[in-house]
Amino acid sequence: MGPSISFEDYTTPNFSGMISIMDPKASWACKWLHLGKYVPGCYAMAVNDDMPDDLQDILENKGIKVRHG
């Protein structure tokens, strides 16, 4: 078993905007924002913090692209 991961290590209060997704395939907002493949939940529109290197590696290995803006 690998090291335990705490969600506090990968969350931040430093974000701007939020979108709640209930039905990504039916939502016009998800289509407009290209979020149709997301799972239902709440997402930050922009994160105003640096992402930990290990999290970037995890996402990269899963083929998830992080948008920097």
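These are my notebook entries on what I looked up in this structure, which is a predicted model.

**Entry 1: overall layout**

I began with the secondary structure. The protein has two helices and two strands. Reading from the N terminus, I wrote down the order β-α-β-α. I then looked up how much of the chain is buried. Of the 69 residues in the protein, 12% are buried.

**Entry 2: a patch on the surface**

Which residues form a nonpolar patch on the surface? I found F15, M18 and V47 there. Together these three have about 300 Å² of accessible area. I took M18 as the one to follow up. M18 sits in strand β1, which covers residues 15-21. Is M18 buried or exposed? Its relative accessibility is 56%, so M18 counts as exposed, the cut-off being over 50%.

**Entry 3: the largest pocket**

Next I turned to pockets. I noted a volume of about 1,300 Å³ for the largest pocket. Its lining is made by 31 residues, and those closest to the centre of the pocket are Y38, A44, V47, M51 and V66. V47 was already in my notes, as a member of the nonpolar patch with F15 and M18.

I also asked which elements give two or more residues to the lining of this pocket. They are β1, β2 and α2, the last of these being residues 53-61. β2 gives the most, with six residues. By residue type, I recorded 19 nonpolar, seven polar and five charged residues in the lining.

**Entry 4: two residues from the pocket centre**

I looked up M51 and Y38 one after the other, as both are on the list of residues closest to the centre of the largest pocket.

M51 is in the loop between β2 and α2. Its relative accessibility is 26%, so M51 counts as partly exposed; that class lies between the cut-offs of 20% and 50%. I also checked a distance along this part of the fold. M51 and T12 are 39 residues apart along the chain, and their C-alpha atoms are separated by 9.6 Å.

Y38 belongs to the loop between α1 and β2. Y38 has a relative accessibility of 34%, and therefore I entered it as partly exposed. For its distance I used I21, which is 17 residues away along the chain. The C-alpha atoms of Y38 and I21 are 8.0 Å apart.

**Entry 5: H34**

I stayed with the loop that runs between α1 (28-32) and β2 (41-47), where H34 is also placed. What is the phi of H34 near? I read a value near 60°, which is positive, in a residue other than glycine. With a relative accessible area of 65%, H34 is exposed.

**Entry 6: K25**

My last look was at the loop between β1 and α1, where K25 lies. Is K25 buried or exposed? I put K25 down as exposed because its relative accessible area is 69%. How many residues apart along the chain are K25 and L35? I counted 10, with a separation of 8.7 Å between their C-alpha atoms.

Conventions:
Residues are numbered from 1 along each chain as its sequence is written. This is a predicted model: local features need pLDDT of at least 70, side-chain atom pairs count only at pLDDT 80 or more; totals for chains, interfaces and linings use all residues. Side-chain values use heavy atoms; hydrogens and water are left out. Patches are made of residues with over 30% relative accessible area and no salt bridge: like charges are joined within 9 Å, nonpolar side chains (Val, Leu, Ile, Met, Phe, Trp, Tyr) within 5 Å. Accessible areas come from the Shrake-Rupley method with a 1.4 Å probe; for residues, only the protein chains shown count as cover. A salt bridge is a side-chain nitrogen of Lys or Arg within 4 Å of a carboxyl oxygen of Asp or Glu. Helices (H or I, at least four residues) and strands (E, at least two) are DSSP runs, numbered from the N terminus. Buried means under 20% relative accessible area, exposed over 50%, partly exposed in between (1.4 Å probe, protein chains only). On a 1 Å grid over the protein atoms alone, a cavity is a set of points where a 1.4 Å probe fits but cannot get out, and a pocket is an open set with protein on both sides within 12 Å along at least five of seven lines; lining residues have an atom within 4 Å of a point. Grid points are joined across faces, edges and corners, and a volume is the space filled by probe spheres set on the points. Ala, Val, Leu, Ile, Met, Phe, Trp, Tyr, Cys and Pro count as nonpolar, Asp, Glu, Lys and Arg as charged, and the others, Gly among them, as polar.
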